[in-house]
Amino acid sequence: MKTHPPRRPLPRRRLSAVLSTLLIGAAALVATAPAASADGPGVGTPWVVAVGDSYISGEAGRWAGNTNNGESIHDAGGPTTYFDNATNTAEQINRCHRSKAADIYIGGGVNGLDLACSGAKTTTFTDSNGYFKPGIDFYDNGSGQLGQAKMLQQFAAGHNVKMVELSIGGNNFNFAGIVTQCVADFLGSPSWWPDYCKDDSVVTSQLTSASITAHRNEISTALQNVRQAMRNAGYADSAWTLLVDNYMSPLPNGAGFRYSQSGYTRQSTGGCGFWNADADFANGTLLPTINQTVAQAITQSGLTNTRTLNLTNAFNGRRLCENTVGLYEEQGLSSWTQAGAVDKTEWIDTIRTATATGDYYIQESLHPNYWGQLALRNCVRQAWNGGTPRSGTCTRGANGFNASGEPNMTLQ
């Protein structure tokens with residue numbers, strides 16, 4: 001067998017030259033290898049993002065229908081319904097009530113983010129109870145409190161946001177104050193001498209020409225802020241869509257209530273303390289005025305990438321105290337999980353007063369509940385339209401659920 005002499009180590013100079021060659025070659029490989037791309041405008045999994053007020057944040061999304069017989073009967077979401085921090089232990093912004101049932105979570109390979117806040121107006125403020133309410137603006141106090149436009153801008157810069165859904169303007173018209181006044185007038189006057197809220201200053205002051213013009217300008221500016229946030233994040237206007245919701249009718253007309261307006265049962269049992277005339281006014285004048293103002297603001301804003309989701313009549317037949325549905329105990333039901341519960345109970349949360357106890361919140365009053373949120377999600381998914389967003393009018397479909405466990409809805 002042939003043997004070889006032991007290999008001598010390379011001279012130090014030669015070894016240094018070889019190592020330098022290897023390092024240069026490795027550096028060249030690193031330089032020519034494609035860099036890993038982070039998600040951002042046009043790159044990565046698509047997202048839809050909700051901005052706005054309680055009608056999009058998911059307010060009241062814990063409760064499926066209404067009852068006076070205890071929370072457990074209709075507690076569909078449980079105590080973590082509004083928790084949205086990383087550990088699912090609390091809200092990121094107290095009382096924003098970003099519900100897990102919110103309509104933005106359409107699934108199907110599309111991620112959802114809820115930046116909306118219950119009680120929000122077009123501009124940021126802190127309410128009388130000390131709760132921070134981010135508006136559709138670029139507010140930044142330097143300590144972590146941001147307006148929703150600023151939140152959107154920061155998120156969109158690092159994620160592929162394809163659609164932003166917006167609901168805003170109701171609180172600019174003082175929605176909560178109007179509801180409070182209407183219920184107070186109902187409870188504070190007899191049926192033989194009703195005191196209507198439709199002619200109270202809290203209502204009429206919002207419906208003057210000057211007020212409507214101001215609110216239209218406010219909403220238009222909010223829409224422009226959303227566009228600016230996306231531009232600041234690196235998006236061309238054609239790269240994403242703004243889906244603007246209007247507001248649904250939460251109460252039937254006076255003739256459609258299942259409780260008489262005589263006595264106090266309408267509020268004490270049904271949680272819908274409106275006089276017939278005020279309900280008629282709400283559906284015939286107030287709601288159309290708000291929705292028309294939103295529509296005019298879209299035009300005024302000059303945005304070219306908007307779509308609209310008309311929700312005006314989406315819940316007809318399932319509204320609060322409507323004579324086509326009832327409380328669980330009125331329908332012979334004992335749980336929200338029973339067959340047919342979704343079609344026999346209301347999709348709007350009862351109006352709660354200062355007597356709200358347990359896990360109920362007054363701010364949940366007159367908002368889409370668990371059933372309502374899932375119905376809206378069905379319509380938002382149809383508006384998303386597989387990534388080519390479209391406008392449409394959302395209406396209730398046949399009884400029962402779709403494959404995703406949502407009430408059947410149609411977007412026409």
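Colleague: What makes the reach from the side chain of His-74 to the backbone oxygen of Gly-65 a polar contact?

Modeller: In this predicted model, the side chain of His-74 comes to 2.6 Å from that oxygen. A polar contact needs a pair of N or O atoms within 3.5 Å, so this pair fits. The side chain of His-74 also makes a polar contact with the side chain of Tyr-360, at 2.9 Å.

Colleague: Why is His-74 called buried?

Modeller: Its relative accessible area is 1%, and buried means under 20%, so the label holds. His-74 sits in the loop between helix 2 and strand 2 (111–114). Its contacts farther along the sequence include Trp-63, Tyr-328, Trp-336 and Arg-352.

Colleague: OK, on to the inside. How many cavities of 30 Å³ or more does the count give?

Modeller: It comes to one. The largest cavity holds about 320 Å³ of space. Its lining has 25 residues, with Phe-175, Pro-250, Leu-286, Leu-287 and Leu-366 nearest the centre. Helix 2 (54–57), helix 4 (175–187) and helix 8 (276–301) each give two or more residues to that lining, and helix 8 gives the most, with eight.

Colleague: What classes of residue make up the lining of the largest cavity?

Modeller: There are 19 nonpolar, four polar and two charged residues.

Colleague: And how do you know that the span of helix 6 agrees with what it should be?

Modeller: Helix 6 has 24 residues (209–232), and at 1.5 Å a residue they should span 34 Å. The end C-alpha atoms are 34 Å apart, so the two agree. Just after helix 6, Gly-234 takes a positive phi of about 105 degrees.

Notes
Residues numbered from 1 in each chain as written. Predicted model: local features only at pLDDT ≥ 70, side-chain atom pairs only at ≥ 80, totals over all residues. Heavy atoms only, no water. Helix = DSSP H or I, 4+ residues; strand = E, 2+ residues; numbered from the N terminus. Expected span 1.5 Å × (residues − 1). 1 Å grid on protein atoms, 1.4 Å probe; cavity = no way out; pocket = protein on both sides within 12 Å on 5 of 7 lines; lining within 4 Å. Points joined across faces, edges and corners; volume = space filled by probe spheres on them. Nonpolar A, V, L, I, M, F, W, Y, C, P; charged D, E, K, R; others polar. Buried < 20%, exposed > 50% of the residue type's maximum accessible area, 1.4 Å probe, protein only. Polar contact = N/O pair within 3.5 Å; in protein donor to acceptor, adjacent residues only side chain to side chain. Contact = heavy atoms within 4.5 Å. Lists of a residue's contacts leave out its neighbours within four places in sequence.
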